[in-house]
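Reader: I work at the bench and would like to learn how to read a structure like this one. Could you take me through it, feature by feature?

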Amino acid sequence: MTSTQGLLLVATPELIDPNFFRTVLLVLEHTDEGAMGLVLNRTCDAVSEEVVPYWVDRLKPPGTLHCGGPLSEESVVGLGRVPTHGVEGVAPLVGSVGVLDLYRQPEELPGVDSVRLFSGYAGWGAGQLDAELAVGGWIVVAPEPDDVLTDDPMGLWRRVLGRQSGMISLL
């Protein structure tokens, strides 16, 4: 098993699961026990400030709640930009972006901004993601700085594939 933590999973057209059609996921964790990620390019009907109101001043405009995946949709995961590493309450992930401890008050996480909230997550049991990768269900790519907190989530799938080399860019 090669961990894909911190990388993007881009759904291939062969991935027929409707939960993941044309999705781009950020892998938060990938170990021998399983994997967890967030769908970056699906928004929900709810507004983030209604879900976690005390983070309203730090939300990345327009403050729309994102659908992180089909599991545990009542849970909320937060990502945010951190000016420096080592902020207690933030697990570094990709560049200056980390996973936030939303049980903390915003004042406890100094300098964190561009917060994006996700309802639910995607999850895989032991070996499940590895099997999907082996049969070509996902394309694994390194994220660019603006992918994780993109201003255009609906165009992310096309944009990420378009910058790849070879035949992949034609998808």
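Author: Happily! This is a predicted model, and we can begin with its interior. Of the 33 residues in the largest nonpolar core, the ones touching the most other members are Val10, Leu25, Leu26, Leu79, Trp124 and Trp138.

Reader: Which elements each supply at least two residues of this core?

Author: They are β1, β2, β3, β6 (71-81), β7, β9 (113-125), β10 and α3 (156-162). The largest share comes from β2, with five residues.

Reader: What does Trp124 touch, not counting residues up to four places away in sequence?

Author: Trp124 touches Leu9, Leu25, Gly34, Ala35, Met36, Gly37, Leu129, Glu132 and Trp138. There is also a second, separate core of 14 residues, and Trp55, Val82, Val90 and Leu102 are among its members.

Reader: Now the aromatic rings, please. How many aromatic pairs does a search of the whole structure find?

Author: The search finds four aromatic pairs. Take Phe20 and Trp138: their ring centres are 5.6 Å apart and their planes meet at 70°, and because planes over 60 degrees apart count as edge-to-face, this pair is edge-to-face.

Reader: Where in the chain do Phe20 and Trp138 sit?

Author: Phe20 is in the loop between β1 (8-11) and β2 (24-31), while Trp138 is in strand β10 (residues 138-141). The two are 118 residues apart, so the pair links distant parts of the chain.

Reader: Are Phe20 and Trp138 buried or exposed?

Author: Phe20 is buried, with a relative accessible area of 9%, and Trp138 is buried as well, at 5%. The cut-off behind that reading is simple: buried means under 20%. Phe20 and Trp138 also form one aromatic cluster together with Trp124.

Reader: What is the arrangement of the rings of Tyr54 and Trp55?

Author: Their centres lie 6.5 Å apart and their planes are at 45°, so this pair is tilted. Tyr54 is partly exposed, at 36% relative accessibility, whereas Trp55 is buried, at 0%.

Reader: I am used to thinking about cysteines. What should I look for?

Author: The general idea is that a disulfide is a covalent bond between the sulfur atoms of two cysteines. A search of the whole structure finds one disulfide. Cys44 is joined to Cys67, with an S to S distance of 2.1 Å.

Reader: Which parts does the pair tie together?

Author: Cys44 lies in strand β4 (residues 43-47) and Cys67 in strand β5 (residues 64-67), so the bond ties together parts that are 23 residues apart in sequence. Cys44 is buried, with a relative accessible area of 17%, and Cys67 is partly exposed, at 24%.

Reader: How do β4 and β5 run relative to each other, parallel or antiparallel?

Author: β4 and β5 run antiparallel and are joined by two bridges. Val47 has Thr64 in β5 as its bridge partner. On the other hand, β5 and β9 pair in the parallel sense over two bridges, and Cys67 stands opposite Ser119 in β9.

Reader: What about backbone geometry?

Author: A useful background rule is that most residues other than glycine have a negative phi, and most peptide bonds are trans. Against that background, a cis peptide bond joins Pro61 and Pro62, with omega about 10°. Pro62 is in the loop between α1 and β5.

Reader: Which residues have a positive phi although they are not glycine?

Author: Arg22 is one of them, with phi of about 50°. Arg22 is found in the loop between β1 and β2 and is partly exposed, with a relative accessible area of 42%. Ser114 is another, with phi near 50°, and Ser114 lies in strand β9.

Reader: Lastly, how should I read the confidence values?

Author: In general, where pLDDT is low, the predicted coordinates should not be read in detail. Here the mean pLDDT of the chain is 90, and 96% of the residues reach 70 or more. Among the elements, helix α1 (residues 48-51) has the lowest mean pLDDT, 82, and strand β3 (residues 34-39) the highest, 97.

Methods. Residues numbered from 1 in each chain as written. Predicted model: local features only at pLDDT ≥ 70, side-chain atom pairs only at ≥ 80, totals over all residues. Heavy atoms only, no water. Phe/Tyr/Trp six-rings, centres within 6.5 Å; stacked < 30°, edge-to-face > 60°. Helix = DSSP H or I, 4+ residues; strand = E, 2+ residues; numbered from the N terminus. Buried < 20%, exposed > 50% of the residue type's maximum accessible area, 1.4 Å probe, protein only. Disulfide = S-S within 2.5 Å. pLDDT = per-residue confidence, 0-100. Core = buried A, V, L, I, M, F, W, Y, C linked by side-chain atoms within 4.5 Å. Contact = heavy atoms within 4.5 Å. Pairing = 2+ DSSP bridges.
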